[in-house]
Amino acid sequence: MAKKGDVVIQIEKCKGCELCIASCPQNVLAMSDKVNAKGFRYAVKVNSDCTGCANCAVVCPDAVITVYREK
Amino acid sequence: MAENLIKPENLVYEKSKSMTERELHYCPGCGHGTAHRMLAEAIDDLDIQGETIGIAPVGCSVLAYYYFDVDMLEAAHGRAPAVATGIKRVLPEKYVFTYQGDGDLAAIGTAETIHACNRGENILIVFINNGIYGMTGGQMAPTTLENMKSTTSPRGRDIKTMGNPLKISELVAELPGTYYATRHSVHTPANARKTKRAFKKALEYQKENKGTCLVEVVSNCPSNWKMTPAESNKWMEENMFPFYPLGDIKTPK
Ligand SMILES: Cc1ncc(C[n+]2csc(CCOP(=O)(O)OP(=O)(O)O)c2C)c(N)n1
Ligand code: SF4
Ligand code: SF4
Ligand code: SF4
C-alpha cells in the first residue's frame, strides 16, 4: 500500500493559479469557494488520499505547500 | 480516525532555505517563482548558500534580490554577465549566477551575453525565456515566435518585417568558452525537478573552472499572453517547445 501523506497549505500566500491541482495524481486538491485576503480563491484538500509525493509543492510558484509523509 | 502526519519528523518538502520569507510579487502561475525555487533548492543541495552571489536583471525578476537568501546585486539592464564577470574574477572561489529574462539577456544584453560566454567566464547564466517583455507590458522580444501576438506585433510577428526569433542558447553554444548549455521548463513536477538537476550540474562545473554554463528555462507569461496559467502552459508546450526544444544543447566532452 502506498504511504500516507499530508499537505499544509498556507492559504494566505496562495494566488489561485491552480497548477498544483493539475499536478496531483490523487486528486487531493481543489479550489476554495471563498477568497483569501489577496482576493484569490485558494487550494484546499478535498480528500485524504495524499501520498506525500510533493508534486503539488514542486510546481507551486509561490511555495505555498509543505508536504509530510509517514516514515 | 487517521493519524496526524503533520509533525517535524514526517516533513518531506518545504520552501528552500536559500529563499527569504518574502512573498513573491509575480503574477499567479508565473514560471519565475518555480524557477527561483529550483535554483534555490540546487544551492541548498550543494550546501553553498553562504558562498553564492547572484545578479538580478531588469525585467519582472528585477526584485529577485528580495527572494534569494544569498548575496545579490542588481545590474543595469542586460549587464548582469558583465557584473558577474567582475565579481567572479575578484572572488573566484564564490559561486556566481545571473538570472535574466529574454529581453534582458537576448535584446539589450546580447553583447554581454555573447562576450561573457566567448571569454568562458566561470559563471552560471540562468535564462528565463517567455518570448516577451513581461515587465513592460508584453512587447515583442527577440525570442517572440513567428505569428505570436505582442503589443508591438498585434497581428503577430511577421518575419519579413520583424526578423526571426533568436535561439540565443544555440548561438552561444557554438562559442568555445561555453561549457554547458541546456534548455528546460518548470511547468510540471518532472520538468521542474530536471531543471533543478541542471542548475546543480552547472554550479558543480563552476568549481572546475571549465567555462560558462547557461541554463535556459522556457517559461510562461500568463498575464501578457492573456491566458490562464494552465492555458499558458499548454500553449507553451504546443508553440514554444517545437521552436525551443527542451534538452541539452552543449554538454562537456
Ligand atoms: C535601459 C533600459 N531600457 C529599457 C527599459 C525598459 N524595460 C524594463 S524591463 C524590459 C524587458 C523585460 O523583459 P524580459 O527581460 O524578457 O523579462 P520579463 O519581464 O519577461 O521577465 C524593458 C525593455 C529599462 N528599464 N532600461
Ligand atoms: S503531495 Fe502528492 S498526493 Fe499529496 S496533495 Fe500533493 S500532489 Fe497530491
Ligand atoms: S500552485 Fe500554489 S499558488 Fe497556485 S493554486 Fe496551488 S497552492 Fe495556490
Ligand atoms: S508579467 Fe508575465 S513574466 Fe511578469 S510576473 Fe507576470 S506573468 Fe510573470
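Ligand 4 is surrounded by residues of chain B, among them B:Tyr26, B:Cys27 and B:Cys30. The model is predicted. In this model, the space that ligand 4 takes is the largest pocket.

**Around ligand 4**
- The shell also includes B:His32, B:Cys60, B:Asn130 and B:Gly134.
- B:Cys221, B:Pro222, B:Ser223 and B:Asn224 belong to this shell too.
- Helix α9 of chain B, residues 222–225, gives the most to the shell, with three residues.
- By type, the shell holds six nonpolar residues, five polar ones and no charged ones.

**Around ligand 3**
- Ligand 3 has residues of chain A around it, including A:Cys14, A:Lys15, A:Gly16, A:Cys17, A:Glu18 and A:Cys20.
- A:Ala43, A:Cys60, A:Val64 and A:Ile65 are also in the surroundings of ligand 3.
- The shell around ligand 3 divides into seven nonpolar residues, one polar and two charged.

**Helix packing in chain B**
- Helix α1 (residues 31–46) of chain B packs with helix α8 (residues 189–207) of chain B.
- Their axes are 8 Å apart, at an angle of about 50 degrees.
- That angle makes α1(B) oblique to α8(B).
- The crossing in which α1(B) passes α8(B) is right-handed.

Terms used
Residues numbered from 1 in each chain as written. Chains lettered and ligands numbered in written order. Predicted model: local features only at pLDDT ≥ 70, side-chain atom pairs only at ≥ 80, totals over all residues. Heavy atoms only, no water. Near = heavy atom within 4 Å. 1 Å grid on protein atoms, 1.4 Å probe; cavity = no way out; pocket = protein on both sides within 12 Å on 5 of 7 lines; lining within 4 Å. Sits in = over half its atoms within 2 Å of the grid points. Helix = DSSP H or I, 4+ residues; strand = E, 2+ residues; numbered from the N terminus. Nonpolar A, V, L, I, M, F, W, Y, C, P; charged D, E, K, R; others polar. Axes fitted to C-alpha atoms, helices over the stretch in contact; angles between N-to-C directions. Parallel < 35°, antiparallel > 145°, perpendicular 65-115°, else oblique. Left-handed = near helix turned anticlockwise from the far one by under 90°.
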